[in-house]
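The following exercises are intended for a reader who has the sequence and the coordinates to hand. Each task is followed by a solution in steps.

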Amino acid sequence: MASDFDFFDPEFQADVHPHFARMREECPMAHAEEPFDWYAVTREKDVRALLHDWKQWTSELGPGLARSGGGVLVSVDPPEHTFDRRLVNRAFTPASLLAMEPQITELIDEIIDGFVAKGEGDFMQLLAVPVPLIVIAWLLGLDPDLVQQMRPRADSVIAPNALEQEEMARQMAAEVESEGRDAARSTASRSMSEVQYFLGTIAERRAMHAAGEEMPQDTLTALVAAELNGRTLTDDEIIGFMGFLFIAGSATTTQLIGNMIYRLLQNPDQMDLVKNNPDLYDTCVEESLRYDAPVNGLFRTAVEDTEFLGVQVPKDTKVLCMFGSANLDPEMWDEPEKFDVTRDYEDLKLHYAFGQGIHYCMGAPLARVEAKVALKLVLERMPNLRLTGEPEEISAPVLHGVETLPVAWDPPLKS
Amino acid sequence: MQKLVIERRLCLKSGQCSYLQPDVFKRDDENWPVVTIEHPEGEQIEQATDAIEMCPAQAISLVEEDGS
């Protein structure tokens, strides 16, 4: 049997909406056989069913296509997940993230100050990339300047080539079998190139902790001070958390900000609506998340031989829950293919861009604040914003959005 | 007396409350959260508070109810 769809095909990636529509209608449990057998669910009710049934559809083998053992948060289920989530939440409460709005406003204003006189450039490099990186650096207790240099490598971790990922997964699976979860966590962590920098930062923080010095209120402090079953976390465990949060907190929000501005540029009527109605900022962010989910979808794995939508699914088979498609399912949305910033907020916020269920994105409140402030300041400070060329699509299949966004705007008059 | 309430207007159906504190919350057929103990006492207040802090939507709260 041939594959029902080719997720890795640039043509699929360049315009996901019609492919999602065809899959929802013709093959709601779509089969793919590259680089091995896996499936994708695209209807809202099926995506929802899988996301809520974590006992049957586990995250223990990782959120990507590769079967990776060992990890944190997105790669574990209860009880580890419960511990991990609580731990990070100490420094990452929704209330504390929302309280960062003034600080984020100041940051974005400063970044715009730095380039606004130019009148043109790549919106992604100018704004959409640096903002989330700097904010996540603050939260993790990392150096914002150093973190900005790490960006390409971070991307390569979230979306490596499927075959490389599979090879890495095989190695880790072997290690899980011979040495158990902790060893696998270690391998997963050490594969990151940020490892040396993170180790140095952790050592500094441990020294502060040991000396009883006053610690910054960030995630690193929470991790260094945390106790798991009466012991503190190892360096590898801390790196696992930091690496994951660093990646999850940056690339995705970059896509959100880029997608939103790109979609507004393509829909001038919607752009005008938002410009003239600051009350629509929140709805605009949510509509962007619905219409252009920055993460196309994430995987779950069958814990045993099972059947879904009449398809026999062997144990350990990966199924991609296509968030971006659930967000366009006509069973859930009126005129789903219409980008409409005036939708009812209460219905709109229930989109799947942040997942649903126990793995619901912890950074969602932060992403929402960053996107809203970016939208507000871009509209205020980059008047007559317009496209000057064709954007390039991002090459990572799991992510949806643009890599470049060439724009021009009217620079402020020189005084 | 304190009453535990969920504001559906804010709820994101993340499922965190029923997953973290199943003694106090459950989910209905459409995955909306439902409070199972409206007036938590003792340890239940701690459980409710945990869910309040972890809720990504800030949709849960304990509100004072007058005794009348």
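The exercises below concern a predicted model and proceed from confidence to packing and then to the contact between the chains.

**Exercise 1. Assess the confidence of the model, for the complex and then for each chain.**

Step 1. For the complex, the predictor gives an ipTM of 0.82 and a pTM of 0.87.

Step 2. Chain A has an average pLDDT of 85, and 86% of its residues score at least 70. Residues 152–173 of chain A stay under 50, and the model has 41 contacts beyond four places in sequence for them. Residues 179–192 of chain A are also below 50, with 31 contacts beyond near neighbours in sequence.

Step 3. Chain B has a mean pLDDT of 90, with 96% of its residues at 70 or more. Within chain B, confidence is lowest in helix α1 (residues 16–20), at a mean of 89, and highest in strand β3 (residues 33–35), at 96.

**Exercise 2. Describe the overall make-up of chain A.**

Step 1. The secondary structure of chain A comprises 20 helices and 12 strands.

Step 2. Of the 415 residues in chain A, 47% are buried.

Step 3. Take the contacts in chain A between residues at least 6 apart in sequence: 73% of them join residues at least 24 apart.

**Exercise 3. Determine which side of helix α2 of chain A is buried, and what it packs against.**

Step 1. List the buried residues of α2 (residues 16–26): they are A:V16, A:H19, A:F20, A:M23 and A:R24.

Step 2. These residues lie on the same side of α2(A), because they cover an arc of only 135° around the axis. The spacing follows a general rule: an α-helix has 3.6 residues a turn, so residues three or four places apart point the same way.

Step 3. Turn to the face away from the buried side, where the exposed residues A:P18, A:E25 and A:E26 are found.

Step 4. The partners of the buried residues of α2(A) are α1 (10–14), β1 (29–32), β2 (38–41) and α18 (323–326) of chain A.

**Exercise 4. Characterise the packing of α17(A) on α20(A), and place A:V285 within it.**

Step 1. Helix α17 (residues 281–291) and α20(A) pack at an angle of about 115°, with axes 9 Å apart. Their crossing is right-handed.

Step 2. From α17(A), the contact uses A:Y281, A:D282, A:C284 and A:V285; from α20(A), it uses A:R368, A:A371, A:K372, A:L375 and A:K376. By type, the contact residues are 5 nonpolar, no polar and 4 charged.

Step 3. A:V285 is in helix α17 of chain A. With 26 other C-beta atoms within 10 Å, A:V285 is buried. Leaving aside residues up to four places away in sequence, A:V285 touches A:M260, A:R368, A:A371, A:K372 and A:L375.

**Exercise 5. Is A:E106 buried or exposed?**

Step 1. Locate A:E106 in helix α6 (residues 101–115) of chain A.

Step 2. A:E106 has 11 other C-beta atoms within 10 Å. The cut-off for an exposed residue is 12 or fewer, so A:E106 is exposed.

Step 3. The C-alpha atoms of A:E106 and A:V373 are separated by 9.7 Å, although these residues are 267 apart along the chain.

**Exercise 6. Analyse the side of chain A that touches chain B.**

Step 1. The contact involves 17 residues from chain A and 14 residues from chain B.

Step 2. On the side of chain A, the elements giving two or more residues are α3 (44–52), α4 (80–91), α5 (94–98) and α20 (364–381).

Step 3. The residues on this side of chain A comprise 8 nonpolar, 6 polar and 3 charged.

Note on methods: Residues numbered from 1 in each chain as written. Chains lettered and ligands numbered in written order. Predicted model: local features only at pLDDT ≥ 70, side-chain atom pairs only at ≥ 80, totals over all residues. Contact = placed C-beta atoms within 7 Å. Helix = DSSP H or I, 4+ residues; strand = E, 2+ residues; numbered from the N terminus. Nonpolar A, V, L, I, M, F, W, Y, C, P; charged D, E, K, R; others polar. Buried ≥ 20, exposed ≤ 12 C-beta atoms within 10 Å, placed from the backbone. Arc of directions from axis to C-beta. pLDDT = per-residue confidence, 0-100. Axes fitted to C-alpha atoms, helices over the stretch in contact; angles between N-to-C directions. Left-handed = near helix turned anticlockwise from the far one by under 90°.
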